[in-house]
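Reader: I am new to this structure. Please take me closely through one part of it, the aromatic rings and what sits around them, and then show me how that part fits with the rest.

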Amino acid sequence: MARTRITIFFMGLVLWCCLTKAEYMKYKDPKQAVHVRTRDLLDRMTLEEKIGQMVQIERSVASADVMNKYFIGSVLSGGGSAPSPQASPEAWINMINDFQKGSLATRMQIPMIYGIDAVHGNNNVYKATIFPHNIGLGATRDPKLVKKIGAATALESRATGIPYVFAPCIAVCRDPRWGRCYESYSEDPHLVDAMTEIVPGLQGDMPAKSSKGVPFVAGNKNVAACAKHYVGDGGTTKGINENNTVINWHDLLSIHMPGYYTSIIKGVSTVMVSYSSWNGVKMHANRDLVTGFLKNKLRFRGFVISDWEGIDRITYPPHANYTYSIQAAIGSGIDMVMVPYDYSSFIDGLTFLVKNNFIPMSRIDDAVKRILRVKFAVGLFENPLADNSLVDQLGRQEHRELAREAVRRSLVLLKNGHYADQPLLPLPKKTSKILVAGSHADNLGYQCGGWTIEWQGFSGNDLTNGKTNNLLPCFSVFNYVVPTLVCISHFPICKQPSRLSL
């Protein structure tokens, strides 16, 4: 009997040791190098799990069950998409954590990454600090200021549990008829390149000896950034949105590409592909520029993401031949696909293409490896769930003062009065009453411009928190609809209004 007990004990001990050894997974060990963790996890994943990681869906169709069933890799808020009107930071955190719990209940427990368009502050969120748009920040000519704004935006994004932002836009607007010129820092590629200093503002400064091109996020007060829209979105013919950029190779490199070189050197985590075309080839299907140049030549090691339903628009009309669009997009080198609503069609289509050898498994592995690399860089495997420790960062006073500084420094006087010898400005110091006139004078939504609460902005003073009677925020006016007004603080109505023509 004693011998039997000893035998059972040792058998149990051996079984316990084997189970303990089997449970050790390198990808769960933060002491392991990222490439070791990525390789270990990738080798354990099924095709279904890999394809799920390549999918980003809109929060309105997401749930813990959906995340769990389809192994979804990412969720986003489209412009204006929130848990509820005027949702609190806690409401955002609770929603995101609910989705995350579905991901963590999967076999491999791979956390999803949540993304949002924080393009001039965490602009979808009620009471967030709204900074001048890029067109205003470019006028400051101050990369250090832009870096501070990036850091503040990162904090306010993390305040709502969000670790990934679709910013900065590093388009070079070459035609002011383009309706999204306000998202561009400048027509000058050198200035746009300098303003990529917002990337280390968002992500944190890379250590001196870090490998170039590898995504870097400093910690839980920083976010993964996204350089967009690759490439040439600001150079389309006649400024038509999503149109064709007709330009030779040399000019593409010298005008539209410098911001991407520098962003990659600074460790940008992701790159978003443009709806536009280059010399007739849709960027979402351009293997030479996405894989050949961005990934191979520039050695970008983060992941490439499509724009909203971007692969649908490879064909005209959109979604006309979806199987072809999936093959063209994934074959070009796009790693994560923004399919906000109809994600099951994408999953079924890509699965079919891989199983029937139209898309090689090596292409899927490359995509998933890049996605996992960013998730490890963000620290999601160690801290997948957001907490309330940073909720007080949303709209904090220091950030509002930074925004006011940016407004003051971005104001540009285009015409100082009607006659050169009778300038309107500077105003007399004893002036007591100033009229601010025009449709934007007392309209917070118009003053904030696009990408504020709603993706095209809003009209009125009740959809977010702010004031119209201090300084008008930088003329970030959607589509260049600029009113006639005077832009001065503290203004009772005066008898004879002065007018500044812009």
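Author: K228 lies over the face of W451, with 5.8 Å to the ring centre. This is a predicted model. W451 itself is buried, because its relative accessible area is 8%, under the 20% limit.

W451 also has an aromatic partner. A pair of aromatic rings is described by the distance of the centres and the angle of the planes. For W451 and W455, the centres are 5.9 Å apart and the planes meet at 55 degrees. The pair counts as tilted, because 55 degrees is neither under 30 nor over 60. W455 is partly exposed, with a relative accessible area of 41%. So a buried W451 pairs with a partly exposed W455 in this tilted arrangement.

A charge over a ring turns up at Y275 too. There, R313 lies over the face of the ring, at 4.1 Å from its centre.

Now count the ring pairs. The total is eleven aromatic pairs. One of them joins F376 and F381, whose ring centres are 4.2 Å apart. Their planes stand at 20 degrees, so this pair is stacked. Planes under 30 degrees apart earn that word. Both partners are buried: F376 has a relative accessible area of 6%, and F381 has 17%. Each value falls under 20%, which means buried. F376 and F381 also share a cluster with Y27.

F376 leads on to a helix contact. Helix α15 covers residues 361–378, and F376 is among its residues that meet α2. Helix α2 covers residues 34–44. The two axes lie 10 Å apart, and the helices pack at an angle of about 130 degrees. That makes α2 and α15 oblique to each other, because the angle lies between 115 and 145 degrees. Their crossing is right-handed. On the α2 side, the contact uses V34, R37, T38, L41 and L42. On the α15 side, F376 is joined by D365, V368, K369, L372 and R373.

Just before α15 comes a loop. This loop runs between α14 (343–355) and α15, and N357 is found there. N357 has a positive phi of about 65 degrees, although it is not a glycine. It counts as exposed, because its relative accessibility is 69%, over the 50% limit.

K127 also has a positive phi without being a glycine, near 75 degrees. Its place is the loop between β3 (113–116) and α6 (134–140). K127 is partly exposed, at 40% relative accessible area.

Next, back to the stretch around K228. Strand β5 spans 226–230, and the loop from β5 to β6 (244–245) holds V231. The peptide bond from Y230 to V231 is cis, with omega near -5 degrees.

Another cis peptide bond joins A167 and P168, with omega about 10 degrees. P168 lies in the loop between β4 and α8. That loop, from β4 (164–165) to α8 (189–194), also holds C181. C181 is buried, because its relative accessibility is 3%. The C-alpha atoms of C181 and G234 are separated by 7.3 Å, though the residues are 53 apart along the chain.

One more helix contact deserves a look. Helix α10 (residues 249–256) and helix α11 (residues 258–265) have axes that come within 5 Å. They cross at roughly 55 degrees. That makes α10 oblique to α11. From α10, the residues involved are L253, S254, I255 and H256. They meet P258, Y260 and Y261 in α11.

Last, the whole chain. It has 17 helices and eleven strands. Of its 502 residues, 54% are buried. Among contacts with a separation of 6 or more, 73% join residues 24 or more positions apart.

Definitions and conventions:
Residues are numbered from 1 along each chain as its sequence is written. This is a predicted model: local features need pLDDT of at least 70, side-chain atom pairs count only at pLDDT 80 or more; totals for chains, interfaces and linings use all residues. Side-chain values use heavy atoms; hydrogens and water are left out. Rings of Phe, Tyr and Trp (its six-membered ring) pair if their centres lie within 6.5 Å; planes under 30 degrees apart count as stacked, over 60 as edge-to-face and the rest as tilted. Buried means under 20% relative accessible area, exposed over 50%, partly exposed in between (1.4 Å probe, protein chains only). A charge sits over a ring if NZ of Lys or CZ of Arg is within 6 Å of the ring centre and within 35 degrees of the ring normal. Axes are lines fitted to C-alpha atoms, for helices over the stretch in contact, and angles run from 0 to 180 degrees between N-to-C directions. Helices (H or I, at least four residues) and strands (E, at least two) are DSSP runs, numbered from the N terminus. Angles under 35 degrees count as roughly parallel, over 145 as roughly antiparallel, 65 to 115 as roughly perpendicular and the rest as oblique. A crossing is left-handed if the near helix is turned anticlockwise from the far one by less than a right angle, and right-handed if clockwise. Contact means heavy atoms within 4.5 Å.
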